[in-house]
Structures are given as structure tokens and as C-alpha cells.
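Let us look at the ligand site and one charged pair. Short questions, short answers.

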Amino acid sequence: MWKDLDISVVRCDSEKRKDKPDQKNLGFGKFFTDHMFLMKWDRENGWHNAEICPYQNFSMDPAAMVYHYGQAIFEGLKAYKGENDQIYMFRPEDNLERMNSSALRMCMPRIPVDKVLKGIKALVYLDRDWIPSGDGATLYLRPTMVAVEPALGVRPSSQYYFFVIMSPVGAYYAEGFNPTKIWVTDKYVRAVKGGVGHVKTAGNYAASIMAAEEAHRAGYTQVLWLDACERKYIEEVGTSNIFFKIGEDLITPPLNGSILGGITRDSVIQLARSWGVNVIEKQITIDEVLAAIEDGSLKEAFGSGTAAVIAPIGELCYQEKKHVVADGKTGELSQRLFDELQAIQNGRQDDPFKWIVRVG
Ligand SMILES: *Cc1c(COP(=O)(O)O)cnc(C)c1O
């Protein structure tokens with residue numbers, strides 16, 4: 001069935017095209033382009049009706065299963081306008097493969113990666129005028145799959161929509177790196193082993209909002225999550241993976257089933273190793289991190305994820321005590337990783353790992 005999946009293109013009428021937003025006030029995820037990718041799945045036909053169509057509302061039955069039981073998975077990736085206006089994407093197959101492992105865990109259908117990538121490239125090319133060109137500004141893509149069968153009762157839906165919407169986003173660091181203040185919670189947990197923490201599924205984010213709200217009220221940007229059982233092992237920070245440079249080692253928690261395997265995390269590991277940095281995937285407790293801050297061996301700490309790429313950490317607050325990290329400044333390795341990854345993503349730099357996909 002997948003082999004015959006043709007993608008039709010219905011262009012938005014020129015008078016219906018939206019005005020482009022002010023490039024200086026893009027923010028994140030506020031504006032959406034003129035077109036989207038959409039395809040449908042049901043048990044008889046598999047994936048069908050794949051189309052690039054005008055960005056549009058869905059009409060959905062209130063019994064659609066996603067509203068009740070939350071079978072919803074998504075991805076986040078970016079398209080970049082680099083030198084000579086060439087358009088690039090960063091490791092898009094990895095996002096689609098990860099979506100397929102999410103689908104497996106959530107009892108949802110797998111997507112045909114090659115076809116969908118072809119559709120996504122065509123979509124990005126069609127809306128290429130929406131890709132911001134300022135330094136660090138990008139087009140953020142959100143592939144999503146939801147259960148749409150109108151029925152109550154907890155079981156896998158027999159019908160799904162897969163769609164991709166796109167949003168121009170501003171540079172994450174418009175005024176340069178500003179190390180973030182992090183709230184370590186031992187009150188809430190994000191995920192447990194055996195659960196769905198390693199899957200990009202909507203419920204994980206709904207479950208995280210209250211902790212983030214408490215952190216914001218206390219003046220912190222993100223939550224640092226500890227493991228659910230002992231509440232001492234470091235897991236992730238907000239919706240990013242986390243790294244610590246302690247002595248000469250770069251340490252990150254292993255993918256143990258409750259941590260999301262970030263593509264940026266993997267890129268950081270590969271890049272740092274190629275520079276001869278000793279990268280170690282191992283469990284590390286909050287007490288070890290605080291002791292390393294105390295004795296001065298903790299040199300840097302940062303989060304990694306598609307949105308910010310690298311997010312240096314300047315402060316940790318744990319059990320009402322504040323701990324300044326690396327003098328609250330951006331570390332050398334954090335800066336180098338950020339610069340190098342951004343240069344690769346923009347096509348300004350050699351791409352030894354073959355991470356870049358050209359569009360158009
Ligand atoms: C998406 C995500 C990440 C980062 O993944 P990237 O592929 O690097 O963007 C990390 N943790 C969580 C919980 C996430 O949802």
C-alpha cells in the first residue's frame with residue numbers, strides 16, 4: 001500500500017495567502033505557513049489521501065479517540081536557509097524514525113519514512129518564502145499523528161491523521177547566550193521506566209505543566225527532572241537532554257527507558273567525541289552534581305534540544321538552596337558545540353556526519 005502513496009498538491013489561492021509576520025517578533029510557534037502536509041490511515045486502506053494542501057482547520061467528531069485517551073505523538077525539527085539561500089534540514093530521517101518508534105509504543109501505525117520525507121521536502125520548498133533568513137531564525141516543523149476514530153472505549157483507534165505544520169521561529173538567543181536558571185523538582189516526576197518517557201507523546205507534556213508552572217512562579221525557566229523511584233538520578237531538563245562537564249569528562253544520563261533520546265543529544269555526543277572529548281553515558285545523582293559544583297570540578301552544564309540547540313545552565317535550585325553553575329556564564333565547550341552545530345545546520349561548515357539534507 002505504501003508503494004502507491006502518491007502525494008497530491010493543492011496550492012493555496014494567492015489572495016488567501018497570509019501576510020508574513022514581522023521577522024523581529026516571530027517568537028516560537030505563533031505563526032503558521034500557508035500549507036500543510038496531511039494523510040489519513042484506516043485499517044482497510046493503510047495510509048492514503050496524502051496531500052500538501054492549504055493550512056486548514058479539521059472538522060472532528062467530539063468522540064475522536066485522541067480527545068479521550070490521548071493517542072497522540074509528535075516530532076520537532078527545523079529547516080534552515082543557509083548560504084546562497086540554499087535550504088537545509090538537519091537529520092530529518094532520524095525524526096521520522098523516532099516517530100515510528102513512538103508509534104510502535106502507542107499502538108499507532110508506522111509512517112513510510114521515505115514518502116513522508118519526500119512530502120516534507122516538497123512542503124518546505126513550497127513555503128520556502130516563510131523560512132526566516134536572520135541568523136539563528138528557522139522554520140520549525142511539527143509532524144503529528146492523532147487517533148480520530150469516533151468511539152469511546154480504551155483500545156487502539158482504527159483511524160488516524162498524520163500531518164505536518166510549519167512555523168517560522170525567531171533566533172532562540174536574540175541577545176546572545178543567557179544561561180538559564182533551573183528548578184530541580186523532587187516533588188513531581190516526568191516519567192517512569194516501563195512508561196512512555198522515551199516516547200514523544202502528548203500526555204508527557206500535559207503531565208509536566210504543573211511542575212513548570214511552579215518553577216516559573218519561583219523565577220526559574222525550566223524544571224530538572226529526577227528519576228521517579230529514588231528521586232536522585234538526573235534525567236532531563238524541561239524538554240531537553242542534559243550534559244555536565246565534570247573535570248575533563250562530558251557526562252549525560254544513559255537512555256534507560258524514561259529519557260527521550262534526543263537527536264541533538266546524539267549529535268552532541270558524536271561531535272564531542274570527534275574532538276577527543278571523553279563522553280560518558282552514565283547515571284549521575286543530583287548530590288554528585290552539587291558536590292562537583294562545591295569542589296569546583298563541575299565546569300559546565302547545558303541542555304540539548306532542537307529548539308535551543310544548546311542551553312547553558314547558570315543556576316540550579318534544589319530543596320530551596322541555590323547553586324551557581326560555572327559562575328553563571330556560558331562554558332567554552334557549550335559555546336563550541338553551539339557554534340559548530342549551528343554552522344553545520346546552516347550549511348556553513350563541513351558535514352562529516354552526513355546530517356544535512358538539502359531541499360530544492
Ligand atoms: C524532544 C525532546 C528532547 C530533545 O530531542 P531533540 O531531538 O534533540 O529535539 C528531549 N527531551 C524531551 C522530553 C523531548 O520531548
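Q: In which pocket does the ligand sit?
A: This is a predicted model, where local features need pLDDT of at least 70, side-chain atom pairs count only at pLDDT 80 or more, and totals for chains, interfaces and linings use all residues. Residues are numbered from 1 along each chain as its sequence is written, and side-chain values use heavy atoms, with hydrogens and water left out. The ligand sits (more than half of its atoms within 2 Å of the grid points) in the largest pocket.

Q: How far is the ligand oxygen from the side chain of Y205?
A: Polar contacts here are pairs of N or O atoms within 3.5 Å. R98 places a polar side-chain atom 2.8 Å from a ligand oxygen. For an N or O atom in the Y205 side chain, the distance to a ligand oxygen is 2.4 Å.

Q: How much of the ligand does the protein bury?
A: A backbone N or O atom of I263 lies 2.8 Å from a ligand oxygen. Alone, the ligand exposes 380 Å² (Shrake-Rupley, 1.4 Å probe). The protein buries 96%.

Q: Which residue forms a salt bridge with R91?
A: A salt bridge puts a Lys or Arg side-chain nitrogen within 4 Å of an Asp or Glu carboxyl oxygen. In R91's bridge, the closest N and O atoms are 2.8 Å apart. The partner is D266.

Conventions:
A polar contact is a pair of N or O atoms within 3.5 Å; within protein, one must be able to donate a hydrogen and the other to accept it, and residues adjacent in sequence count only if both atoms are side-chain atoms. On a 1 Å grid over the protein atoms alone, a cavity is a set of points where a 1.4 Å probe fits but cannot get out, and a pocket is an open set with protein on both sides within 12 Å along at least five of seven lines; lining residues have an atom within 4 Å of a point.
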